Amino acid sequence: MEKAVLITIGDEILSGNTVDTNSNFIATELKNIGIKVSQIFTISDEIETIKNTLSAAFELGDLVITTGGLGPTRDDKTKKALAEFFDDEIALDEVTFNHLKAYMERRGRLDILERNKEQAFVPAKSIVFQNHYGTAPCMMMEMDGKLCYSLPGVPYEVKPLIKDQIIPYLQKRFKLNYIHTRIVSVVGIPESILADKIEDWELALPGNLALSYLPIGTRVKLRLTASGDNEDALKQQTEDEIQKLLPLVEGHVIAVSEDKIENILAEMLTDRKLTISTAESCTGGELAKMITSVSGSSKYFLGGMIAYATEKKVRILNVSQETVNRFTVVSEEVAQEMAKGCQELFGTDISLSTTGVAGPGKGEDGKDIGTVFYTIRIHDKEVTSKLYMPHLERVDFMDFVSQKVIQDLVSLLMNN
């Protein structure tokens, strides 16, 4: 088994009202066991559409996984489509019904058991994987040695079904190669120039190693993926290639293992026993959210505040009103005073500050949308930078700035 096809069923995905996060998650989990997703379909909840897409999917891959479209009513079109496609009939599965009954009992909702009983009706030939976090089971059907899984669409139900049941089943049933991935994070060099610098190394990579360029903000993640039947050998092979790469990008590498920038920062702060705090305006708490998303962040993150109003910057962070009047609130000088005030307020080794205009309207001081100043203060030294990104929408702007601030902090720490 080498290729999989994912099918997302539901008009709410097609309309844009709901974001399909399931496909990203499933594709990642499959990749980790050596199964590549060759196609992703998003379709409406109509019987003929589902059947036609299943037919196309089995032409493209050996494994098909559908999400969504499963409901508690008799007119569940996905189950009907599955039964027709696999020449099967829908029948009550007693094991699934008893599981559903126990699920309802634990939640004190036996009053709605009869209304949800239809969830226990499944294609008779299917193998059922019970859903421990919802009422719709996962059904597995087989045709000519190819497998089809039909899952509910709720992400917190999909994840445990995939991780705890489907992935182990696939690993046990099929002989799959080991997959080993390493990421080298590079900053301060454009992707095109980076590609030129490492071209000879890339061309000389063994056939079982693949390189991907993954830009995020102003950082480029070089992802090396190795596949083979010996896990220890893969790890050593990948390490050997990374050691050949490092001299080619010397001075630009900020990490050779961790993926997310907040995890890279966490490792640095923990190793150096440094504490950090944040004073945010235009990023609206995104900096603090990123830093605290890492388990154990309470060891180094002492606190943060969103000083959105100018008055709060002055009263809580001790930003001088005179500085605001002279340079405006979106300025290098205000960013510096915010960082200093934050450092003093929380008593940290490091403080970060942001002040800017996220949009969609101009700031109160007339600054253009997309303008931001941010200061990184380490002990008594500080570095202030300016960005101008008028093309980014508000949420993307907040995320990009936060990524860039943490990335710059990591770079500064590496050079100190």
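# A guided tour from helix pairs to core

Begin by selecting helix H3 (residues 47-60) and helix H4 (residues 77-85), whose axes come within 9 Å and cross at roughly 50°. That angle makes H3 oblique to H4. Viewed as a pair, H3 passes H4 in a right-handed crossing. To display the contact itself, show Ile47, Ile50, Lys51, Leu54, Ser55 and Phe58 in H3 together with Lys77, Thr78, Lys80, Ala81, Leu82, Glu84 and Phe85 in H4. Colouring these residues by class gives seven nonpolar, two polar and four charged.

Before the next stop, zoom out to the whole chain, bearing in mind that this is a predicted model. The C-alpha trace spans about 75 × 60 × 35 Å along its principal axes. A cartoon representation should present 16 helices and 17 strands. The chain has 416 residues, of which 47% count as buried. Among contacts in the chain with a separation of 6 or more, 67% are between residues 24 or more positions apart.

Next, select a second helix pair: helix H13 (residues 310-317) and helix H15 (residues 332-346). Their axes lie 9 Å apart and the helices pack at an angle of about 45°; H13 and H15 are therefore oblique to each other. The crossing of H13 past H15 is left-handed. On the H13 side, show Lys313, Ile316 and Leu317, which meet Val334, Glu337, Met338, Gly341, Cys342 and Leu345 in H15. This contact of H13 with H15 comprises six nonpolar, one polar and two charged residues.

Now turn to the interior. Which residues of the largest nonpolar core touch the most other members? Select Leu265, Ile276, Ile350, Leu352, Leu409 and Leu413, which hold that position in a core of 37 residues. To see where the core draws its members, highlight strand S12 (253-255), helix H11 (261-272), helix H12 (286-292), strand S15 (350-356), strand S16 (371-378) and helix H16 (394-414), each of which supplies at least two residues. H16 provides the largest share of this core, with nine residues. Apart from this core lies another, of 23 residues, and Phe25, Ile33, Ile65 and Leu170 are among them.

Return to the largest core and centre the view on leucine 352. Beyond its neighbours within four places in sequence, leucine 352 is in contact with Ile276, Ser277, Thr278, Ala279, Leu287, Ile291, Thr375, Ile376, Val405 and Leu409.

From there, move to threonine 275, in the loop between H11 and strand S13 (276-280). Is threonine 275 buried or exposed? Its relative accessibility is 16%, and because buried means under 20%, threonine 275 counts as buried. Expanding the selection around threonine 275, with neighbours within four places in sequence left aside, brings in its contacts Lys299, Tyr300, Leu302, Gly347, Thr348, Asp349 and Ile350.

For the last stop, select aspartate 399, which is found in helix H16. With 35% relative accessibility, aspartate 399 counts as partly exposed. Then add glycine 217 to the selection and draw a distance between the two C-alpha atoms: they are separated by 8.9 Å, although aspartate 399 and glycine 217 are 182 residues apart along the chain.

Technical notes
Residues numbered from 1 in each chain as written. Predicted model: local features only at pLDDT ≥ 70, side-chain atom pairs only at ≥ 80, totals over all residues. Heavy atoms only, no water. Axes fitted to C-alpha atoms, helices over the stretch in contact; angles between N-to-C directions. Helix = DSSP H or I, 4+ residues; strand = E, 2+ residues; numbered from the N terminus. Parallel < 35°, antiparallel > 145°, perpendicular 65-115°, else oblique. Left-handed = near helix turned anticlockwise from the far one by under 90°. Contact = heavy atoms within 4.5 Å. Nonpolar A, V, L, I, M, F, W, Y, C, P; charged D, E, K, R; others polar. Core = buried A, V, L, I, M, F, W, Y, C linked by side-chain atoms within 4.5 Å. Buried < 20%, exposed > 50% of the residue type's maximum accessible area, 1.4 Å probe, protein only.
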